[in-house]
Amino acid sequence: MRILITNFIFGTRSGTENVAELLADSLRIAGHDVMIFAPTLVDDAHWMLHTGHLIYNDIDHIPYRPDVIHAHHVSPCFIAMLRFPDVPVVYTCHSSTFELEAPLLHPQIKHYVAVDEACKDRCLSRGVPADRLTVIHNAVDALRYISRPPLPDRPKHALLLTKLTGVAEPVKRACAEMNIALDELGRGTNRFSNELEKELPKYDIVFATARMALEAAFVGCAVIVCDARGFAGLITSKNVALWRKNNFGVRLLTRPTTYDLLQESIKRYDANDAANVTNYVRLHAPADKYISQYEKLYRSAIKAGSAHISALGSANGRWAQELVATAEKRLWFRIASEMGWMPNTKTVELMLDQSKSDVLTELRSIAERQSDSAGTLETHIESLKTKIDALDREVLSSIDILMNLKAMYQALVPSFLRRMGAQLRARSKRGKS
């Protein structure tokens with residue numbers, strides 16, 4: 001079977017990127033031809049190219065038609081569907097909060113997958129039919145994440161593994177009080193590793209959530225589920241089954257992460273019970289079982305056949321309306337905002353003020369040095385200032401205002417005068433030095 005995996009970013013070995021790598025490796029082992037498409041490639045993606053993986057950031061470079069598309073994230077999913085309109089899609093939702101992950105209905109998507117109960121509810125709330133939705137819990141590569149030696153009776157080394165800031169201080173305090181050495185790792189700590197499987201066996205206790213918590217338990221660490229969003233507590237043999245259904249994630253984080261709760265959980269550390277937790281997850285969460293569930297969905301999706309051209313056209317129009325940048329703040333704006341690409345109103349105002357100052361300074365500089373055209377340019381300056389002041393009074397919430405300013409400046413000031421002004425300023429600086 002030829003399978004195309006789509007992802008927003010690929011190569012960081014964290015989050016959904018880790019899942020895409022796990023899928024690619026496991027599907028290849030199972031005998032499938034696998035390609036990965038991600039508009040942005042980073043870090044390990046380039047190394048994986050040298051190990052035989054087919055990874056592309058340009059959809060036109062995909063060498064052959066896949067039999068099925070395994071999609072993560074709506075944006076690259078849409079690109080792949082437009083490129084291969086007759087190929088069925090299985091779409092997986094990995095987050096109950098990010099809009100980038102939330103599914104949109106499309107006749108080309110034959111089946112939807114949620115990784116936990118929260119994601120399942122998110123999919124249902126977006127109109128996904130229950131009979132086209134399956135929960136497949138996250139899994140771990142058992143060949144890569146091998147079991148560590150038995151835990152000591154008393155924990156000595158701990159790891160804070162988090163993508164978020166704001167949780168380090170109470171964890172540091174709790175570990176210091178218990179004489180436990182603490183290291184930090186993850187995007188929230190500014191310390192990174194592309195080989196987490198080699199890091200985890202060094203630690204007795206790991207503070208983590210979601211996939212990171214699963215991977216730590218899989219290796220054999222005692223795991224306390226917490227981050228800046230909230231606190232769940234120590235994974236035990238009594239709660240591991242239920243907590244895995246919730247991906248050791250957001251629905252369990254019902255209390256704030258405090259020193260007292262952390263200390264209480266550390267005191268509950270039990271090497272024998274942690275070993276029982278590890279035995280459970282290694283039995284129920286290996287990648288081979290995970291892949292077999294997806295293979296069934298792939299075969300079902302292929303059997304379902306292609307959607308009618310009119311249905312595809314209508315759905316593609318709806319998706320394009322949501323995902324293509326327009327003046328209307330639709331889904332594209334929410335995704336850009338959650339990814340940190342859209343500045344807030346205050347930031348835009350500051351950028352506008354600086355841009356206005358730069359434009360006026362440059363225009364006056366040219367006018368002072370070009371007496372023949374000074375009068376005309378001063379008139380342009382006043383006209384531009386009036387337009388800018390009018391823009392100031394509007395409610396600004398998008399970066400396109402800066403583009404408007406640049407366009408005004410370029411339209412009002414001929415290019416030869418802009419170049420001349422730059423040359424004069426450069427000469428002036430040299431004369432002063």
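# Two sheets, one small-volume cavity and two positive-phi residues

Strand β7 (residues 89-93) runs parallel to β8, and five bridges connect the two. The model is predicted. Strands β7 and β8 belong to an open sheet of seven strands with parallel pairing. A further open sheet has five strands, and its pairing is mixed. The points below cover these two sheets, then the cavity, then two residues with positive phi.

**Seven-stranded sheet**

- The strand order in this open sheet is β5-β3-β1-β6-β7-β8-β9, with parallel pairing.
- β5 (54-56) and β9 are the edge strands, each paired on one side only.
- From one strand to the next, the twist averages 20 degrees.

**Strand β8 and its partners**

- All of β8 (residues 109-114) is buried, six residues of six, so the strand is largely enclosed by the rest of the structure.
- On the β7 side, Cys-93 is opposite Ala-114 of β8.
- β8 also pairs with strand β9 (residues 133-135), in parallel and through three bridges.
- Ala-114 is placed opposite Val-135 of β9.
- Between β8 and β9 the chain passes through helix α4 (residues 117-125), and this β-α-β crossover is right-handed.

**Five-stranded sheet**

- The strands of this open sheet follow the order β11-β10-β12-β13-β14, and the pairing is mixed.
- β11 (181-185) and β14 (230-234) are at the edges with a single partner strand each, so one side of each has no neighbour in the sheet.
- Neighbouring strands here are turned against each other by 20 degrees on average, with direction ignored.

**Strand β13 and its partners**

- Six of the six residues of β13 are buried, and the strand is mostly covered.
- The cover extends to both faces of β13: Ala-222, Ile-224 and Cys-226 are buried on one side, and Val-223, Val-225 and Asp-227 are buried on the other.
- β13 (residues 222-227) pairs with strand β12 (residues 205-208) in the parallel sense, over four bridges.
- In that pairing, Val-225 of β13 has Ala-208 opposite.
- β12, α7 and β13 together form a β-α-β unit, which is right-handed.
- The pairing of β13 with β14 is antiparallel and has four bridges.
- A hairpin through two residues joins β13 to β14.
- Asp-227 has Gly-230 in β14 as its bridge partner.

**Cavity**

- One cavity of 30 Å³ or more is found when the whole structure is searched.
- The volume of the largest cavity is about 30 Å³.
- Its lining consists of Asn-18, Leu-22, Ala-139, Val-140, Asp-141, Arg-144, Tyr-145, Arg-211 and Glu-215.
- By class, the lining of the largest cavity has four nonpolar residues, one polar residue and four charged residues.
- Helices α1 (15-29) and α7 (210-219) each contribute at least two residues to this lining.
- Helix α7 thus appears in two places: in the lining of the largest cavity, and in the right-handed β-α-β unit with β12 and β13.

**Residues with positive phi**

- Most residues other than glycine have a negative phi.
- His-73 is not a glycine, yet its phi is positive, at about 70 degrees.
- His-73 is in the loop between β6 (68-72) and α3 (74-83).
- The relative accessible area of His-73 is 4%, and because the cut-off for buried is under 20%, His-73 is classed as buried.
- Phe-248, also a residue other than glycine, has a positive phi near 50 degrees.
- Phe-248 is located in the loop between α8 (240-245) and α9 (259-267).
- Phe-248 has 1% relative accessibility and so counts as buried.

Note on methods
Residues numbered from 1 in each chain as written. Predicted model: local features only at pLDDT ≥ 70, side-chain atom pairs only at ≥ 80, totals over all residues. Heavy atoms only, no water. 1 Å grid on protein atoms, 1.4 Å probe; cavity = no way out; pocket = protein on both sides within 12 Å on 5 of 7 lines; lining within 4 Å. Points joined across faces, edges and corners; volume = space filled by probe spheres on them. Nonpolar A, V, L, I, M, F, W, Y, C, P; charged D, E, K, R; others polar. Buried < 20%, exposed > 50% of the residue type's maximum accessible area, 1.4 Å probe, protein only. Pairing = 2+ DSSP bridges. Right-handed = clockwise from strand over helix to strand, strands pointing away. Axes fitted to C-alpha atoms, helices over the stretch in contact; angles between N-to-C directions.
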